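Student: I am new to this structure and would like a close look at a single part of it, explained at an unhurried pace. Please begin with that part and then place it in its wider setting.

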Amino acid sequence: MYKLVQNELLKIFKRSGTYVMIGLLILIVTVVGAFVKYQESGGTVPDNSEWKQGLQLENTNLEKQVAELEGQVPDSQITYYKRQIAINEYRIEHGLSPNSAYSVWEFVSDNVSIIELAGMFTIIIAAGIVASEFNWGTIKLLLIRPVSRSRILVAKYLTVLIFALIVVALCFSYSTVLGFILFGGPENASPYLNYHQGTVTEQSMFMHLLSSYGLNSVNMLMLATMAFMISAVFRSSSLAIGISLFLMFTGAQLTSLVAMKYDWAKYILFANTDLTQYFEGSPLVEGMTLPFSIIVLVVYFILFQLLAHLVFKKRDVAA
Amino acid sequence: MEAVIEIQNVTKQIKGRKIIDQISFDVNRGEVFGFLGPNGAGKTTTIRMIVGLIGITEGDIKIAGHSIRTDFEKAVSHVGAIVENPEMYKFMSGYDNLLHFARMSANVSKEKIDEVVELVGLTDRIKDKVKTYSLGMRQRLGLAQCLLHDPDVLILDEPTNGLDPAGIREIRDHIRMLARERNMAVIVSSHLLSEMEMMCDRIGIIQQGMLVDVQLVHDFINGAEKVYQFELIEKEKAKELLKHSHPQLSVEITSEGVAVAMTREEIPAIVKIFVSEDISLYGIEEVTKSLEERFLEITKEKEGVAHV
């Protein structure tokens, strides 16, 4: 199995397209960094010793808005206000100034959205890893080795996972390094304040970032698995890329549209891929819990894998 | 003689249509078996079934005693094959391609790769990307890829497709050498008859999914009775004479004289007739039919039977 994965990685990293993808990721993180740095040097951090009063003022404003708008605007906005109020109160109580300088962690945290892009690249790899062998005609030489088809497919899937891990780790570590160079380390390690169902808790910043990157990767992994399945079943990488990217950009919105009317929306894959909803904010459909989402994700995962394996094993390789 | 490949009553059905119908034959060690048939007859389908690329509807195929259906990994570990064009990963070097396939078989050492590269004569270019290779070099790389794991069976689907005469000759020499010196069983498919004639020991003819004939190349070309050509000028007269004296023989007029299908023992009697009738005879020679003529003859015969 190790050798098979080694083979798949060889095939990925011998193609120039892969380096273009990695180059793009690095370029975008760099551009974001340069942009933030440029903005930062424009204004200085407001170092106001009266920050407690400022926060109190903000809170009274927010409370007024909550009272006025409750029932008129979507719940999510009210939740957002409440979260802000709770966090501000926590800061006042524990003497944690919000006026710390923009540091490496803020930068890394801002870059979480780069995972979308890394996910896109992983989808492209997953979509091509089986279908390309058919396009190149190399599938014939690949399948006449003393290795069963299932093992080949498993090796290919593992390779997709490894590739995903590589790009996410690359984004994370490059953002960290670049953040340190551009913005320096945090002066005093300020904790991350998490608001979940009415209570505020302190988290180590590093742990928060790790879990935030990890949770955000769930979406990308499920989509990559789906792309992999389509690739194995339909032997078409463009179809796999097309469907997966379309769902990646619209899946969440479509699901929340459905969720407004129907309760069964909670069984849709995209209602469950965003696990951060259980740690911060509130779930999409009332009554959804973390174990529920995990079960749904596992069911989808097994379904994708089963489909891919059954079809790939039975397929007659002609033409 | 030891059969390494046994094909037993193999049938392939796709959507209710029989593509391959009850084919059976064996291939022995050290033998080059030619698989001959017009396009669309089922050569490639049969070959794909032997290497397990497509499923078998009925019957079984055994390689070195292992069934390709139930014991795929063991069976296929004895096989090296090129199915149609030897498509490789074009963005990788020849060496990386071989390394890739070597990793998929048990115990193929780096030295073995070098040895195979040497054998097919690609040593100078092996580090170059495959996309820079000529068709002949790709074909040779394809051959190298088959030989990595020292297979007992070599299966080559149209190995000389698209090659120039020098390339064809090179591949042919390789194939003969592998069968003779390494005692491999080789299956070669082609619709190029002249080539099969030079390469193969035995030939199986497949037509419309059925194996219509298996013969040794030698017998195949010669057939049971021979044709002799009498070189002479008065062709019409000679033909008339023979019709009277030997009505059972078929006589044909050729550009040189007349061709008669008959046995060797009858030659003196016919010569006597020509001499007594004052026909000048310039020469007598045996005409060997080319494989092509025999092939067309056989396929036509069978087709005739099928249509009646």
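Student: Is E133(A) buried or exposed, and what is its relative accessibility?

Tutor: The model is a predicted one, and in it E133(A) counts as buried, with a relative accessibility of 1%, where buried stands for a value under 20%. This residue has a charged partner, for E133(A) forms a salt bridge with K156(A), and the closest N and O atoms of the two are 3.0 Å apart. E133(A) sits in helix α6 of chain A, which covers residues 114-136, while K156(A) sits in helix α8 of chain A, so the salt bridge ties together parts that lie 23 residues apart in sequence. K156(A) is buried as well, with a relative accessible area of 1%. In general, side chains of opposite charge can pair when their charged atoms come close.

K156(A) also has another partner, since its side chain meets that of E8(A) in a salt bridge of 2.8 Å, taken from N to O. Here helix α8 of chain A, residues 149-183, supplies K156(A) and helix α1 of chain A supplies E8(A), so this pair joins parts that are 148 residues apart in sequence. E8(A) counts as buried too, at 6% relative accessibility. Taken as a group, E8(A), K11(A), E133(A) and K156(A) are linked in a network of salt bridges, and the count of salt bridges over all chains comes to 19.

For a comparison in the other chain, K112(B) forms a salt bridge with D150(B), whose closest N and O atoms are 3.0 Å apart. This pair links distant parts of chain B, with K112(B) in helix α4 and D150(B) in the loop between α5 and β7, 38 residues apart. K112(B) is buried, its relative accessible area being 12%, whereas D150(B) is partly exposed at 44%.

The helix α1 of chain A, where E8(A) lies, also leads us to the place where the chains meet. The buried residues of α3(B) pack against α1 and α7 of chain A, together with α4 and α5 of chain B. α3(B) is mostly covered, ten of its ten residues being buried, and among them are Y95(B), L98(B), L99(B) and F101(B).

Looking at the interface as a whole, 29 residues of chain B are in contact with 28 residues of chain A, and the two chains bury about 2,800 Å² between them, 59% of it on carbon and sulfur atoms. Four salt bridges are found across this interface, and K12(B) forms a salt bridge with D316(A), the closest N and O atoms being 2.7 Å apart. Between the two chains, 15 residue pairs are in polar contact. On the side of chain B that touches chain A, the elements that give two or more residues are α2 and α3 of chain B, and α3(B) provides the largest share, five residues. The residues on that side divide into 14 nonpolar, eight polar and seven charged.

Finally, the wider setting of α3(B) is chain B itself, which holds eleven helices and 14 strands. Of the 308 residues of chain B, 52% count as buried, and the C-alpha trace spans about 75 × 50 × 35 Å along its principal axes.

Terms used:
Residues numbered from 1 in each chain as written. Chains lettered and ligands numbered in written order. Predicted model: local features only at pLDDT ≥ 70, side-chain atom pairs only at ≥ 80, totals over all residues. Heavy atoms only, no water. Contact = heavy atoms within 4.5 Å. Buried area = accessible area lost by both parts, 1.4 Å probe. Polar contact = N/O pair within 3.5 Å; in protein donor to acceptor, adjacent residues only side chain to side chain. Helix = DSSP H or I, 4+ residues; strand = E, 2+ residues; numbered from the N terminus. Nonpolar A, V, L, I, M, F, W, Y, C, P; charged D, E, K, R; others polar. Buried < 20%, exposed > 50% of the residue type's maximum accessible area, 1.4 Å probe, protein only.
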